[in-house]
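User: I would like to go through the ligand site of this protein with you, one question at a time. Please reason briefly before you give each answer.

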Amino acid sequence: MRKTYNFSAGPAVLPEEVLEQAREEMLDWHGSGMSVMEMSHRGKEFMSIMDKTESTLRELADIPAGYKILFLQGGALSQFAMVPMNLLGESGKADYVQTGQWSEKAINEAARYGSVHIAASSESDGFNSAPPLAQWKISPGTAYVHYTTNETIGGVEFQWIPDLSAIAGSDKTIPLVADMSSNFLSRPFDVSKFGLIYAGAQKNVGPAGLVLVIIREDLLDVAPLSGTPTMYRYKTYADNASMYNTPPTYAIYIMGLVMEWLKKQGGLAAIEQRNIAKARLIYDLIDASSFYHCPVNRADRSRMNIPFTLSDSSLDEVFLKQAQTHGLLQLKGHRSVGGMRASIYNAMPLEGVQALAAFMQEFERNHA
Ligand code: PMP
């Protein structure tokens, strides 16, 4: 048993059971005489790992027929380019919702390939909320609408899935595209509401180096922009079962173990209840205190990433040092915003959040 709790925003904590199983299987996977790292990606052993990983994800997230699951590399940042390159099509236009640093990066990248319209923005309130659907304005002829379901740095999470058909004047067939990197599989979500979902693995899914894409099959027929490299075309992955080149085999294996672990936890509905309870512990403590502060609009607060500041920022270093001696690791806020950030993904046990809450209360008593 580890004696530490890791609050990193990603790469992030993995379930201890998963790491133990990986250790047990490190030298010899299931009597194959090989480590998973040493297997040919086209051999029957690895193919069985990949098939099982995919089918368990499909079962857990209830991914309907008509959607393909693709295993890619290049981080979610590559998706900021792949999405427009593959989906802009003839219109060359896309709508983006601007809610913080990650959506802004996606917007800036998309603007390299086409004309980007900001459908809604929370800039006026310092990116501390999720713009309500009533404020969204979709431009005519747009190829898709992109939003970030959870802003990992700002700690703003959409608690609802936008229904584009409810927006006046919008065409209800417009594909909704979501960057779900930092709240993927943290709650049930209706895949049929989306055209494309992508997520970097290193938060709720497994190690860095793997990106998941769930794409509605009709979108594979949109012609990519001319000059789109083979490895930047979704169809390359769809037509080759994500094995056009060598996939990140070990990351896929660990993802498979995490999927099995999630199933054992009771699936997404059960993990959601645990995530709600964990987040509430910290937010309630912050709201009851004048020593800690979280700037995010209450209704839009992230269950995954909790940014907070101390009333006296000169105590930041002491807070982090003492947290570390209590075994509470990587609580430093993103370098662009400072303060603290507690990331409490699926694999963070309730005991870890309780330990953080107890430490925060003790620190407040000693320093307020
Ligand atoms: N989108 C979101 C919401 C993220 O949190 C991150 C990484 N923290 C990224 C995109 C970029 O992911 P990567 O580093 O895997 O490219």
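User: How do the residues of the lining of the largest pocket divide into nonpolar, polar and charged?

Analyst: This is a predicted model, and in it the largest pocket is lined by 28 residues, with Gly10, Trp102, Thr152, Lys203 and His334 lying nearest its centre. Sorted by character, the residues of that lining divide into seven nonpolar, 15 polar and six charged.

User: Which helix gives the most to the lining of the largest pocket?

Analyst: Among the elements that each supply at least two residues of the lining are α4 (101–110) and the strand β14 (340–343). The helix that gives the most, with four residues, is α3.

User: Where is the ligand in relation to the pockets?

Analyst: Around the ligand there are 13 residues, of which Leu77, Thr152, Asp179, Gln202 and Lys203 come nearest. Helix α3 (residues 75–87) contributes four residues to this shell, the largest share. The pocket in question has a volume of about 540 Å³, and the space taken by the ligand is this largest pocket.

User: What share of the area that the ligand exposes when taken alone does the protein bury?

Analyst: Polar contacts to oxygen atoms of the ligand come from a backbone atom of alanine 76 at 3.0 Å, from a backbone N or O atom of leucine 77 at 2.9 Å, and from a polar side-chain atom of threonine 152 at 2.4 Å. Taken alone, the ligand exposes 400 Å², and of that area the protein buries 86%.

Terms used:
Residues are numbered from 1 along each chain as its sequence is written. This is a predicted model: local features need pLDDT of at least 70, side-chain atom pairs count only at pLDDT 80 or more; totals for chains, interfaces and linings use all residues. Side-chain values use heavy atoms; hydrogens and water are left out. A residue is near a molecule or strand if one of its heavy atoms lies within 4 Å of it. A polar contact is a pair of N or O atoms within 3.5 Å; within protein, one must be able to donate a hydrogen and the other to accept it, and residues adjacent in sequence count only if both atoms are side-chain atoms. Accessible areas come from the Shrake-Rupley method with a 1.4 Å probe; for residues, only the protein chains shown count as cover. On a 1 Å grid over the protein atoms alone, a cavity is a set of points where a 1.4 Å probe fits but cannot get out, and a pocket is an open set with protein on both sides within 12 Å along at least five of seven lines; lining residues have an atom within 4 Å of a point. A molecule sits in a cavity or pocket if more than half of its atoms lie within 2 Å of its grid points. Grid points are joined across faces, edges and corners, and a volume is the space filled by probe spheres set on the points. Ala, Val, Leu, Ile, Met, Phe, Trp, Tyr, Cys and Pro count as nonpolar, Asp, Glu, Lys and Arg as charged, and the others, Gly among them, as polar.
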